[in-house]
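Q: I am new to reading protein models and would like a close look at one part. Please walk me through the hollow spaces and what surrounds them.

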Amino acid sequence: MGIETKSISIEKVKTSRIDQIDFNNLAFGSVFTDHMLVCDYKNGAWELPKIVPYQNISLDPSSKIFHYGQSIFEGMKAYKDKNDAIFLFRPLDNHKRFNISANRMCIPEIPEDYFMDGLTTLLKLDSAFIPTNAGSSLYIRPFMFASGKGFHASPADEYKFIIACAPSGAYFAGEVKVLIEQTYSRSANGGVGFAKAGGNYAGQFYPTQLAIAKGYNQVIWTDDTEHEYIEEAGAMNIFVRINDTLITGPTSDRILDGITRKSIIEIAKKEGIPVEVRKITVTEVVNAAKAGTLKEMFGAGTAAVISPISAFGFKDTDYALPKLDTPYAQRIKKIITDIQYNKSDDPYGWRYKVTN
Ligand SMILES: *Cc1c(COP(=O)(O)O)cnc(C)c1O
């Protein structure tokens, strides 16, 4: 199946902005490609997607996105191999999760062909923007929000689905020092923590700023009732290595079902690394740190792939993680990125070629 690619109308830019981009000094997600995909939901149906020059969008001040926060997004990347072939990583999983988020926020689902054909058509058009320096990629941001009007607190009747892309450099978070949160919560039982909803991020900024003011880079979120179960690392899933066993918490309605997380679990199994998906308590992590059996902690997400944690703070005490010669973090990250950049075989079937 698939919408005919020719049914996606394309309005090209008159002059490309590609010469203004310094591909040797790319930050993360701050310069954009020439075009974007836009699709409107009106009268109970999605209209055909359009590709237009990257531009501002105009919205009525009463649009419900501004008042009631019906807004979701995805984060994915496109990679070029040494022959300039373009690849995505498990993109159908992003599409599925997008619709899971949409359902929770009362936003209409976007059909798979609109998402995939829209994305691949856009990538082919803006392919010159996919960077080729080591570790760099094109960050892709699909998002959907309520454009329908009215101050009435109810789901909107109109929505916009947009895909915008940003050439981005290798994302080195550096040494990340985290604070195990004991007061605030990112999400709650029965809430929206599993959805990639904008509001989940807005709620994180304030506690994260308090942690930054204390000298940390990120917060480790714990469960909302006891603050005793380790849940997520900032906007990433979290892994803990005790002795030789890699442990991550089970997903739930409070935890986002990360594609990097589930890829790491599968890779660990195949590599013969003992891996457990079970609840991890703060007590267990603190005791392991004291006993010297806590070997690694890292965050997992599309942007950084794996972001190693150098130390964590808990109740006014900092615990440093040991420096290992070949941490799991480094070993697994190489396996994932080699698949993403088409540098290795892909026994998992995760690589998705964007063909011409
Ligand atoms: C996006 C996200 C992740 C990571 O998901 P990936 O699919 O691996 O990029 C983890 N936690 C939160 C809260 C997220 O929003």
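A: Let's begin with a term we will need: a residue is buried under 20% relative accessible area, exposed over 50% and partly exposed in between, using a 1.4 Å probe and protein chains only. Asp316, for example, is exposed, with a relative accessible area of 85%. The model you see is predicted, so local features need pLDDT of at least 70 and side-chain atom pairs count only at pLDDT 80 or more, while totals for chains, interfaces and linings use all residues. Residues are numbered from 1 along each chain as its sequence is written, and side-chain values use heavy atoms, leaving out hydrogens and water.

Next, get your bearings. The protein is assigned a domain 1 (5–168) and a domain 2 (176–340), with bounds from an automatic or database domain assignment. Taken over C-alpha atoms, the two domain centres are 28 Å apart. Where the domains meet, 19 residues of domain 1 and 21 residues of domain 2 take part in the contact, meaning heavy atoms within 4.5 Å.

Now for the hollow spaces. Rolling a probe the size of a water molecule over the atoms shows where empty space is left. On a 1 Å grid over the protein atoms alone, a cavity is a set of points where a 1.4 Å probe fits but cannot get out, whereas a pocket is an open set with protein on both sides within 12 Å along at least five of seven lines; lining residues have an atom within 4 Å of a point. A volume is the space filled by probe spheres set on the points, which are joined across faces, edges and corners.

The largest pocket has a volume of about 800 Å³. It is lined by 37 residues, and Tyr171, Tyr201, Ala235, Met236 and Ala303 are the closest to its centre. Six elements give two or more residues to this lining: β8 (137–146), α4 (198–213), β12 (230–233), β13 (236–242), α5 (259–270) and β16 (294–301). These names come from DSSP runs numbered from the N terminus, with helices (α; H or I) of at least four residues and strands (β; E) of at least two. Helix α4 gives the most to the pocket lining, with six residues. Both domains take part, as domain 1 and domain 2 each supply at least three lining residues.

What is the pocket lining made of, by class? It has 18 nonpolar, 14 polar and five charged residues. Here Ala, Val, Leu, Ile, Met, Phe, Trp, Tyr, Cys and Pro count as nonpolar, Asp, Glu, Lys and Arg as charged, and the others, Gly among them, as polar.

Two of the residues closest to the pocket centre, Tyr171 and Ala303, lead us to Phe28. Leaving aside neighbours within four places in sequence, Phe28 is in contact with both of them, and with Tyr139 and Ser168. Phe28 lies in the loop between β1 (9–10) and β2 (35–42). This residue counts as partly exposed because its relative accessibility is 33%.

Thr33 is in the loop between β1 and β2 as well, but Thr33 is buried, at 0%. Not counting residues up to four places away in sequence, Thr33 touches Arg17, Tyr54, Asp126, Phe129, Leu138, Cys165 and Pro167. One of these, Phe129, is 96 residues away along the chain, yet the two C-alpha atoms are separated by 6.3 Å.

There is also a closed space: one cavity of 30 Å³ or more is counted. The largest cavity has a volume of about 120 Å³. Its lining has 13 residues, and Tyr79, Phe89, Thr260, Thr302 and Gln340 lie nearest the centre. Strand β6 (76–80) gives the most to this lining, with three residues, while α5 and α7 (328–340) each supply at least two. By class, the cavity lining divides into six nonpolar, six polar and one charged. Again, domain 1 and domain 2 each provide at least three of the lining residues.

Strand β6 also supplies at least two residues of the largest nonpolar core, which has 38 residues. Such a core is a set of buried Ala, Val, Leu, Ile, Met, Phe, Trp, Tyr and Cys residues joined through side-chain atoms within 4.5 Å. Ile110 is among those with the most contacts inside this core.
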